[in-house]
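Look at the sequence and the structure below. The report that follows describes how the chain is arranged.

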Amino acid sequence: MTINLLSKNAVSLPAHSEPKTEILRPQFWSTYTLDELNHSEWEALCDGCGSCCLIKFMDNGDDEEEVEYTDVACKLMDCATGYCQHYATRQHYVPDCIQLTPDKVPTMMWLPEHCAYKRLYKGQALPEWHLLLTRDAVATQQQMRAANVGIAGRCVSETGILDEEMEDRVVTWVTP
Ligand code: SF4
Ligand code: SF4
C-alpha cells in the first residue's frame, strides 16, 4: 500500500482566533451556500475541534475512505488546550497551513465527518451539538466530549516523533 503522509496539512482554526464583526444572519448555515457567507458566518462554522491539525495518512488523493488520522499534531498545536499557539503568525512557522476557503472545501473531503464546512458542502446538517444550534458553550463542550470530538488532551506534538513511529499512532476517534 502506498501511503502519503500529509504532514502539517491542516486548516486554520478561525472561530477562536479572529474577531467577529459582521452580523450572523438567522439560520445562515441552512439558508446560504458556503460562498455566500460573510466572514463572521464563515468563522462561526468552525467548532475548534482541532482535528484538521492532526497528521494523517492518505492512500488515494482526497478519497475520504482512504484517510487515516493519527494523534500526532502540528508542532504549533498546544495539545493540552487544542488551540494553535501562534495563530496570527502561524504561516511563518508552518507555511503549508491551509487557510480554508469555500473554493478549497471540495478538495478537502479528508476533513472529519463532523466538520461543519464538510457537512454543509455535502448538504448535511450541522452536528446537533454545534454552538450555532445549542447557543450554549458549556453544553456544546460537554456534548462534543460525549461525541468523542476534539483533540485537546489526547494528541501529541509532532516534535520529537519519528516518521517510523507514525503508523503506530493511527487513531480511530477521528472519522473522515
Ligand atoms: S499552524 Fe496552527 S492552525 Fe495551522 S496546522 Fe498548525 S496548529 Fe493548526
Ligand atoms: S476540522 Fe473543521 S471544525 Fe474542526 S477545527 Fe478544523 S475546520 Fe474547524
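In this predicted model, the largest nonpolar core holds 35 residues, and Leu45, Leu54, Trp110 and Tyr117 touch the most other members. Five elements give two or more residues each to this core: the helices α1 (28-31), α2 (39-44) and α4 (116-121), and the strands β2 (54-58) and β3 (67-73). A second core, separate from the largest one, has five residues, including Ile55, Phe57, Ile161 and Met166. As a general tendency, nonpolar side chains in soluble globular proteins are buried together.

Tyr117 deserves a further look. This residue sits in helix α4. Why does Tyr117 count as buried? Tyr117 has a relative accessible area of 3%, and the limit for a buried residue is under 20%. Tyr117 and Leu45 are 72 residues apart along the chain, yet their C-alpha atoms are separated by 6.8 Å.

Two cysteines can be judged by the same limit, and the table sets them beside Tyr117.

| Residue | Relative accessible area | Class |
|---|---|---|
| Tyr117 | 3% | buried |
| Cys74 | 10% | buried |
| Cys97 | 12% | buried |

Cys74 is buried because its relative accessibility of 10% falls under 20%. The reasoning for Cys97 runs likewise: its relative accessible area is 12%, and buried means under 20%. Across the protein chain, which has 176 residues, 45% count as buried.

How many disulfides does the model contain? The count is zero.

Cysteines also appear around ligand 2. Eleven residues surround this ligand, and the closest are Cys46, Asp47, Cys49, Cys52 and Cys115. By type, the shell around ligand 2 consists of eight nonpolar residues, two polar residues and one charged residue.

Next comes the chain as a whole. Its secondary structure amounts to six helices and six strands. Along the sequence, these elements follow the pattern β-α-α-β-β-β-β-α-α-α-α-β. Among contacts in the protein chain with a separation of 6 or more, 64% come from residues 24 or more positions apart.

The last topic is the confidence of the prediction. The average pLDDT of the protein chain is 88, and 86% of the residues score at least 70. Over residues 1-19, however, the pLDDT is below 50. In the model, that stretch has 71 contacts beyond near neighbours in sequence.

Notes. Residues are numbered from 1 along each chain as its sequence is written. Chains are lettered from A and ligands numbered from 1 in the order in which they are written. This is a predicted model: local features need pLDDT of at least 70, side-chain atom pairs count only at pLDDT 80 or more; totals for chains, interfaces and linings use all residues. Side-chain values use heavy atoms; hydrogens and water are left out. A residue is near a molecule or strand if one of its heavy atoms lies within 4 Å of it. Ala, Val, Leu, Ile, Met, Phe, Trp, Tyr, Cys and Pro count as nonpolar, Asp, Glu, Lys and Arg as charged, and the others, Gly among them, as polar. pLDDT is the predictor's confidence in each residue, from 0 to 100. Contact means heavy atoms within 4.5 Å. A nonpolar core is a set of buried Ala, Val, Leu, Ile, Met, Phe, Trp, Tyr and Cys residues joined through side-chain atoms within 4.5 Å. Buried means under 20% relative accessible area, exposed over 50%, partly exposed in between (1.4 Å probe, protein chains only). Helices (H or I, at least four residues) and strands (E, at least two) are DSSP runs, numbered from the N terminus. A disulfide is a pair of cysteine sulfur atoms within 2.5 Å.
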